[in-house]
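Got your viewer open? Let's take a walk through this one together, one selection at a time.

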Amino acid sequence: MFYLTADRQLAASAPSEKNEITYVYNPFVPATFQGGVCNNFGGMQFQDPPVSRYDIISFHTEPFTEQRICNGRIRVKLQVKTTAPDTCFYVRLSLVRKDGTALSLRDDIDSVLRTNPDYQSGGIAEIEYQFAPHSFMIGEGERLRLDVSSSCFPHFHIHTNRKGIQTLQTGADIAKNTIITGESVLRVYTEKLKTKSLR
């Protein structure tokens with residue numbers, strides 16, 4: 001388990017206190033990502049640098065000290081809040097190689113109200129994501145990166161920050177969205193590599 005921290009790390013132990021990272025989500029200029037690794041198109045592709053925009057918050061693990069195999073479902077739990085009556089939070093996991101390039105692994109998106117139907121603007125909500133099962137190797141010196149945003153255009157519909165069916169909205173609003181660190185976690189299940197790597 002890795003905890004999202006205020007200094008934008010994925011830490012192996014829980015931080016001593018919770019903090020908040022707030023960013024502006026503007027539906028009129030949505031964030032974009034290279035490739036699609038969920039129910040969309042494009043497949044695994046090299047990613048833009050971390051924090052490539054003001055509305056993409058990137059978290060990193062420390063470099064792994066030994067080769068590991070990741071098998072099964074990866075889960076993310078975000079504790080969040082927003083100034084809007086509803087909004088989306090998007091997560092994308094990537095593998096960062098020794099040369100600093102990152103390859104996308106899995107992603108997902110969800111709205112606050114879908115999983116927290118009684119949510120009120122400014123309150124705290126939890127969103128849990130379960131990625132499709134995956135198996136991949138993490139090499140010695142490589143890291144994991146988790147990007148959090150509120151859009152992934154054009155792979156997912158742009159959330160208007162308004163309550164109700166999104167395709168029926170006639171406008172959109174700008175919102176301030178917040179990730180609560182210390183309570184948000186990435187769960188990855190790994191085991192030691194049992195055979196010699198080809199890398």
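## First stop: a histidine in a loop

Start by selecting His155, which counts as partly exposed because its relative accessibility is 22%, and the cut-off for buried is under 20%. Keep in mind as you go that you're looking at a predicted model.

Where does His155 sit? You'll find His155 in the loop that runs between strand 11 (143-149) and strand 12 (175-181). Now show its side chain together with the backbone of Gly35: a polar atom of the His155 side chain lies 3.0 Å from the backbone oxygen of Gly35. Next, add Val29 and draw a distance between the two C-alpha atoms. His155 and Val29 are 126 residues apart along the chain, and their C-alpha atoms are separated by 14 Å.

## Stay in that loop

Select Phe153 and Pro154. The peptide bond that leads from Phe153 to Pro154 is cis, with omega near 5 degrees. Pro154 belongs to the loop between strand 11 and strand 12.

Now move along to Asn161, again in the loop between strand 11 and strand 12. Asn161 isn't a glycine, yet it has a positive phi of about 65 degrees. Is Asn161 buried or exposed? It's buried, because its relative accessibility is 1%.

## Over to another loop

Select Val51, in the loop between strand 3 and strand 4. Here's another residue that is not a glycine but has a positive phi, about 50 degrees for Val51. Val51 counts as partly exposed because its relative accessibility is 41%.

Phe28 is in the loop between strand 3 (19-25) and strand 4 (57-60). Phe28 has 58% relative accessibility, so it counts as exposed. Turn on the surface and colour Val24, Phe28, Val29, Tyr54 and Ile174: these residues form a nonpolar patch, with about 500 Å² of accessible area together.

## A hairpin to trace

Time for some strands. Select strand 7 (residues 88-96) along with strand 8, and you'll see them pair in the antiparallel sense over nine bridges. The two strands form a hairpin with five residues between them. Click on Gly100 in the turn, where phi is positive at about 95 degrees.

Which residue of strand 8 stands opposite Ser94? It's Ser104. Now select strand 8 by itself (residues 102-111): nine of its ten residues are buried, so you can think of this strand as mostly covered.

While you're at this hairpin, show Arg97 and Asp99. Their side chains meet in a salt bridge, at 3.5 Å from N to O. Asp99 is exposed because its relative accessible area is 53%, while Arg97 counts as partly exposed at 31%.

## A buried acid with an exposed partner

Still in strand 8, select Asp110. Asp110 has a relative accessible area of 8%, so it is buried. Add Arg114 and show both side chains: they meet in a salt bridge of 2.7 Å, N to O. Arg114 is exposed, because its relative accessible area is 59%. Side chains of opposite charge can pair when their charged atoms come close.

What else does Asp110 touch, leaving out residues up to four places away in sequence? Select Thr87, Cys88, Phe89, Thr115, Ile127 and Tyr129 to see its contacts.

## A salt bridge across the chain

How many salt bridges does the structure hold? There are nine. One to look for joins the side chains of Glu20 and Lys81, at 2.8 Å from N to O. This pair links distant parts of the chain, with Glu20 in strand 3, Lys81 in strand 6 (residues 75-82), and their positions 61 residues apart. Glu20 counts as partly exposed because its relative accessibility is 46%. Lys81 is partly exposed too, because its relative accessible area is 21%.

## Last stop: a strand with two partners

Finish by selecting strand 5 (residues 68-72). Bring up strand 10 (residues 134-138), which pairs with strand 5 in the antiparallel sense over five bridges. Then add strand 14 (residues 190-192): strand 5 and strand 14 pair in the antiparallel sense as well, over three bridges.

Now zoom in on Arg68. Its bridge partner in strand 10 is Ile138, and in strand 14 Arg68 stands opposite Lys192.

Definitions and conventions. Residues numbered from 1 in each chain as written. Predicted model: local features only at pLDDT ≥ 70, side-chain atom pairs only at ≥ 80, totals over all residues. Heavy atoms only, no water. Buried < 20%, exposed > 50% of the residue type's maximum accessible area, 1.4 Å probe, protein only. Helix = DSSP H or I, 4+ residues; strand = E, 2+ residues; numbered from the N terminus. Pairing = 2+ DSSP bridges. Polar contact = N/O pair within 3.5 Å; in protein donor to acceptor, adjacent residues only side chain to side chain. Patch = residues over 30% accessible without salt bridge, like charges linked within 9 Å, V, L, I, M, F, W, Y side chains within 5 Å. Areas by Shrake-Rupley, 256 points an atom, 1.4 Å probe, with all protein chains shown as cover. Salt bridge = Lys/Arg side-chain N within 4 Å of Asp/Glu carboxyl O. Contact = heavy atoms within 4.5 Å.
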